[in-house]
Amino acid sequence: MIAIDFGTSNSTVGLATPQGPRLIPLETGNLTIPSAIFFNLEDDKVQFGREAIAAYTNHYDGRLLRSLKSVLGSSLIEESTEIGHERISLKDIIGKFLAHLKALAQLEAGAELDEVVIGRPVFFVDDDARLDRMAQQQLESIAKACGFKQVHFQYEPIAAALDYESSVSREEIALIADIGGGTSDFSVVRVSPRAQRKTDRRSDILANSGVHIGGTDFDKWLSLGQVMPHLGYKTHYRKRGELELPSSPYFDLATWHRIALLYGRKTASELKEMHLLAGKPDLVHRLLRVVRERSGHQLASDVEGAKIALSSAHEVSLSLPYVDEHLQVTVNSLDFEQGVAALTEKIGQCIRDCVRASGVGAEQIDTLFLTGGTSSLPFVRQACASAVPHARMVEGDKFGSVGLGLAIEAGVIRARS
Ligand SMILES: Nc1ncnc2c1ncn2[C@@H]1O[C@H](COP(=O)(O)OP(=O)(O)OP(=O)(O)O)[C@@H](O)[C@H]1O
Ligand SMILES: [Mg+2]
């Protein structure tokens, strides 16, 4: 059985083998693969992960898509994007990515594998149970269309808990925090060395919670707040009184999974008109250039790089020659932390809700287990730690814990059947 952690930013694939659970190498020895796909029109092939990003960065003619997990449960899933002379639905693009992971796992296992356990956030969609159910159904039908006959799901933080549990030497109550690219997910779980052999863990799972906030939302804030104003965001029309230019192209450019949607012919003519009527055409010209030259993912990736650098620097200077030859944008950690404070607070609130729902006092939580790339941000860690003041902090494998836990889960499912 295969285990797939299909992440907003990165994915991993695990196998339950007779020797135990393990992650498999996906790309030149790497155990992770960016959730990226490139339709290379020049070489007429589809590329995945780092190879996809490299082809895009090297200016091959084609279309890059990233963060597609974010469209599950939204109307975008049925939308299609222009790729060369064809239109392909986002659903089918996710299908191609999952099929690639399946093929890699089969190559590694040397056998056809048609059963899978896929990780899912506690909520694909916040505050709407119907859309949330729909998101899982969409993922299930995509997996079935790839040839999986049986599809199981497990919450991502529960998977991370199973990974953590494999290292404990005594019974503990742990708060598992998985703060990734698209969502932040939490579980309060009783873990113990003996419990690993149990096939029914329901009584050990004390609470789950989640919120649709992750690293891509922090990227979006940094982009809209600090970079897009240099491309005309929040500027006005020349006439039409004080009317602001439409924010949607800026919003799309700052939202990983919407970038490719800007590259259709309709948007190109709308942007031209916006440029003609703009009060600051020199700034809007930069927006047109980014869209025309398909540099949206380059920009998003540079903004993400600046965000990561702000984890350990007070100030970061971004040079953006593909926007404008001499454009430099400086961002600082204090503005960033203050700007995203409302998002961080929502994450903190979600943890407190999870602890409250568990029926265990915050002071009784023994361990805070952190995983997911966004758990590297110092103020996010602080928000987690302050919710469980007596807990010891354990850092898991930030990008591998969920996938490995899903491989453990795959072994448990097999033992049960
Ligand atoms: N050192 C770092 N500091 C801050 N953020 C980081 C760091 N390293 C990675 N990230 C961010 O972590 C996110 C990716 O984390 P991860 O791979 O855990 O997410 P994911 O599993 O793909 O997403 P999800 O589980 O939400 O679907 C990205 O937003 C990335 O920018
Ligand atoms: Mg994840």
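The exercises below, each with a worked solution, concern helix packing, strand order and the surroundings of a ligand in a predicted model.

**Exercise 1. Helices 7 and 8**

Task: Determine how the axes of helix 7 and helix 8 are oriented to each other, and which residues meet.

Solution: Two packed helices are described by the angle between their axes and the distance between the axes. For helix 7 (residues 265-277) and helix 8 (residues 281-292), the axes come within 9 Å and cross at roughly 165 degrees. Since angles over 145 degrees count as roughly antiparallel, helix 7 is roughly antiparallel to helix 8. The crossing in which helix 7 passes helix 8 is left-handed. On the side of helix 7, Thr 267, Leu 271, Met 274 and His 275 take part, and they meet Pro 281, Val 284, His 285, Leu 287, Leu 288 and Val 291 in helix 8. Sorted by class, this contact of helix 7 with helix 8 holds 7 nonpolar and 3 polar residues, and no charged ones.

**Exercise 2. The shell around ligand 1**

Task: Find how many residues surround ligand 1, and which helices each supply at least two residues of its shell.

Solution: Ligand 1 is surrounded by 22 residues, and the closest are Gly 7, Ser 9, Gly 180, Gly 215 and Gly 373. By class, the shell around ligand 1 has 16 polar, 3 nonpolar and 3 charged residues. Helix 5 (215-227) and helix 9 (296-309) each supply at least two residues of this shell. The next step is to ask how these two helices lie to each other: the axes of helix 5 and helix 9 come within 9 Å and cross at roughly 105 degrees. That makes helix 5 roughly perpendicular to helix 9. Their contact is made by Phe 218, Asp 219, Leu 222, Ser 223 and Val 227 of helix 5, together with Ala 300, Val 303, Glu 304, Ala 306 and Lys 307 of helix 9. The residues of this contact between helix 5 and helix 9 divide into 6 nonpolar, 1 polar and 3 charged.

**Exercise 3. A sheet of 3 strands**

Task: Work out which strands stand at the edges of the sheet with the order 6-5-7.

Solution: Strands of a sheet pair through backbone hydrogen bonds, either parallel or antiparallel. In this open sheet of 3 strands, the order is 6-5-7 and the pairing is antiparallel. Strand 6 (45-48) and strand 7 (62-66) each have a single partner strand and stand at the edges, so one side of each has no neighbour in the sheet. Neighbouring strands of this sheet are turned against each other by 15 degrees on average, direction ignored. Between strand 5 (residues 36-40) and strand 7, the antiparallel pairing extends over 5 bridges, and Ala 36 stands opposite Arg 66 in strand 7.

**Exercise 4. A sheet of 5 strands and helix 12**

Task: Identify the edge strands of the sheet with the order 14-13-12-17-18, and the strands that helix 12 lies across.

Solution: This open sheet of 5 strands has mixed pairing, and its edge strands are strand 14 (205-211) and strand 18 (392-395), each of which pairs on one side only. Strand 13 (residues 184-191) runs antiparallel to strand 14 and is joined to strand 14 by 6 bridges, with Ser 187 opposite Asn 208 in strand 14. Helix 12 (residues 378-387) lies across strand 12 (172-179), strand 17 (367-371) and strand 18, and runs at about 155 degrees to strand 17. Helix 12 also packs with helix 11 (residues 341-358) at an angle of about 25 degrees, the axes being 9 Å apart. Helix 11 and helix 12 are therefore roughly parallel to each other.

Notes. Residues numbered from 1 in each chain as written. Chains lettered and ligands numbered in written order. Predicted model: local features only at pLDDT ≥ 70, side-chain atom pairs only at ≥ 80, totals over all residues. Axes fitted to C-alpha atoms, helices over the stretch in contact; angles between N-to-C directions. Helix = DSSP H or I, 4+ residues; strand = E, 2+ residues; numbered from the N terminus. Parallel < 35°, antiparallel > 145°, perpendicular 65-115°, else oblique. Left-handed = near helix turned anticlockwise from the far one by under 90°. Contact = placed C-beta atoms within 7 Å. Nonpolar A, V, L, I, M, F, W, Y, C, P; charged D, E, K, R; others polar. Near = placed C-beta within 6 Å. Pairing = 2+ DSSP bridges.
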